[in-house]
Amino acid sequence: MTKVLAAITTSVDGYVAGPDDGPGKGLGEGGERLHYWVFGGPWTYDDEPRGEPTGEDAAWLSEAFSRIGAVVGGRWTYEAAGRWGDQNPWGLPFFIVTHRPEEQPKSDAFTFVSGVEAAVEGAREAAGGKDVHVMGGADIIRQALAAGLVDELTVIIAPVVLGGGKRLFDGFSQSLALEHLGVRQSPLATFIDYRVMAS
């Protein structure tokens, strides 16, 4: 049965991006440190990442990728990532939530959809029985959680304090009941998996 999974990396002080995030600086000032675990160590915006994850980081990614059949992301993340050069970084059906779906890119690498519910519904249909991954940004994950669409949430904590930027739960005013499923630890991240309980 298809599940909807959401996962995002935060700093110890709860930021998913440092200050001034945007194109060319997708994770904000100092935010590269959030994703050291993805690339096996330090990288900067000026010197694009070339490394590979190792150990528990690689194991978590491998397990996650093996379950995923489609991806949902937000327009801000899409733009901040430089539209991924019009190349789908997942190689899976990728639905971008936007207020301007009529701006569908000429590339068929992405499908623009109005509203997180429609995006998740389209992703479920496209996933071929596998799971749907809601990658964020934070606003899209909050919307999916608020709509009761998320079955499992993974919060990945990077060992860094950013001191400012965008927080995962800014403006989120409802209560969530979570059941702890497991934890993994590496030198670059702590992965905490939760089941989102029906309210």
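Which elements are included in what covers the buried residues of helix 4? The model is a predicted one, and in it the cover includes strand 1, strand 3, strand 4, strand 5 (111–113), strand 6 and helix 5.

**Helix 4 and its two faces**

The buried residues of helix 4 include Val116, Ala119, Val120, Gly122 and Ala123. Around the helix axis they span an arc of only 165 degrees, so they lie on the same side of helix 4. An α-helix has 3.6 residues a turn, so residues three or four places apart point the same way. Glu121 and Glu125 are exposed and sit on the face turned away from the buried side of helix 4. Just after helix 4 comes Gly128, whose phi is positive, about 60 degrees.

**Strand 6 and its partners**

Strand 6 covers residues 131–136, and 6 of its 6 residues are buried. Strand 1 and strand 6 run parallel and are joined by 3 bridges. Within this pairing, Val4 has Val132 in strand 6 as its bridge partner. Strand 3 (residues 68–74) also runs parallel to strand 6, with 5 bridges between the two. Here Val72 stands opposite Val134 of strand 6.

**Nonpolar cores**

Val72 and Val134 appear again in the largest nonpolar core, which has 28 residues; together with Ile141 they touch the most other members. At least two residues of this core come from each of strand 1, strand 3, strand 4, helix 4 (116–126), strand 6, helix 5 (138–146) and strand 7 (152–157). Helix 5 gives the most, with 5 residues. In soluble globular proteins, nonpolar side chains tend to be buried together.

Leaving out residues up to four places away in sequence, Val72 touches a list of residues that includes Phe94, Phe95 and Val97, then Ala119, Val120 and Ala123, and also Val132, Val134 and Ile140. Of these, Ala119, Val120 and Ala123 are among the buried residues of helix 4. A separate core of 9 residues has among its members Ile68, Ile96, Phe112 and Met135.

**Aromatic pairs**

Over the whole structure, 13 aromatic pairs are found. Two of them are set out below.

| Pair | Distance between ring centres | Angle between planes | Class |
|---|---|---|---|
| Phe65 and Trp90 | 5.1 Å | 45 degrees | tilted |
| Trp84 and Phe94 | 5.4 Å | 45 degrees | tilted |

Planes under 30 degrees apart would count as stacked and those over 60 as edge-to-face, so an angle of 45 degrees is classed as tilted.

Phe65 and Trp90 link distant parts of the chain, 25 residues apart: Phe65 belongs to helix 2 (residues 55–67), and Trp90 to the loop between helix 3 (75–80) and strand 4 (94–97). Phe65 is partly exposed, at 40% relative accessibility.

The pair of Trp84 and Phe94 likewise links distant parts of the chain, with Trp84 in the loop between helix 3 and strand 4 and Phe94 in strand 4, 10 residues apart. Trp84 is partly exposed at a relative accessible area of 22%, whereas Phe94 is buried at 2%. Both residues belong to a cluster in which ring pairs link Tyr78, Trp84, Phe94, Phe110 and Phe112.

**Ser11**

Is Ser11 buried or exposed? With 1% relative accessibility, Ser11 counts as buried. Ser11 is placed in the loop between strand 1 (4–10) and strand 2 (15–17). The side chain of Ser11 makes a polar contact of 2.5 Å with the side chain of Asp13. Beyond its neighbours within four places in sequence, Ser11 is in contact with Leu34, Ile157, Ala158, Val160 and Leu162.

**Backbone geometry in the loops**

Most residues other than glycine have a negative phi, and most peptide bonds are trans. Where does the model contain a cis peptide bond? The bond joins Gly136 and Gly137, with omega about 10 degrees. Gly137 lies in the loop between strand 6 and helix 5.

Asp20 has a positive phi, near 60 degrees. Asp20 is located in the loop between strand 2 and helix 1 (36–39) and is exposed, with a relative accessible area of 57%. Asp86 also has a positive phi near 60 degrees. Asp86 lies in the loop between helix 3 and strand 4 and is partly exposed, at a relative accessible area of 38%.

Definitions and conventions:
Residues are numbered from 1 along each chain as its sequence is written. This is a predicted model: local features need pLDDT of at least 70, side-chain atom pairs count only at pLDDT 80 or more; totals for chains, interfaces and linings use all residues. Side-chain values use heavy atoms; hydrogens and water are left out. Rings of Phe, Tyr and Trp (its six-membered ring) pair if their centres lie within 6.5 Å; planes under 30 degrees apart count as stacked, over 60 as edge-to-face and the rest as tilted. Helices (H or I, at least four residues) and strands (E, at least two) are DSSP runs, numbered from the N terminus. Buried means under 20% relative accessible area, exposed over 50%, partly exposed in between (1.4 Å probe, protein chains only). A polar contact is a pair of N or O atoms within 3.5 Å; within protein, one must be able to donate a hydrogen and the other to accept it, and residues adjacent in sequence count only if both atoms are side-chain atoms. Contact means heavy atoms within 4.5 Å. Two strands pair if DSSP finds at least two bridges between them. A nonpolar core is a set of buried Ala, Val, Leu, Ile, Met, Phe, Trp, Tyr and Cys residues joined through side-chain atoms within 4.5 Å. The arc is that of the directions from the helix axis to the C-beta atoms.
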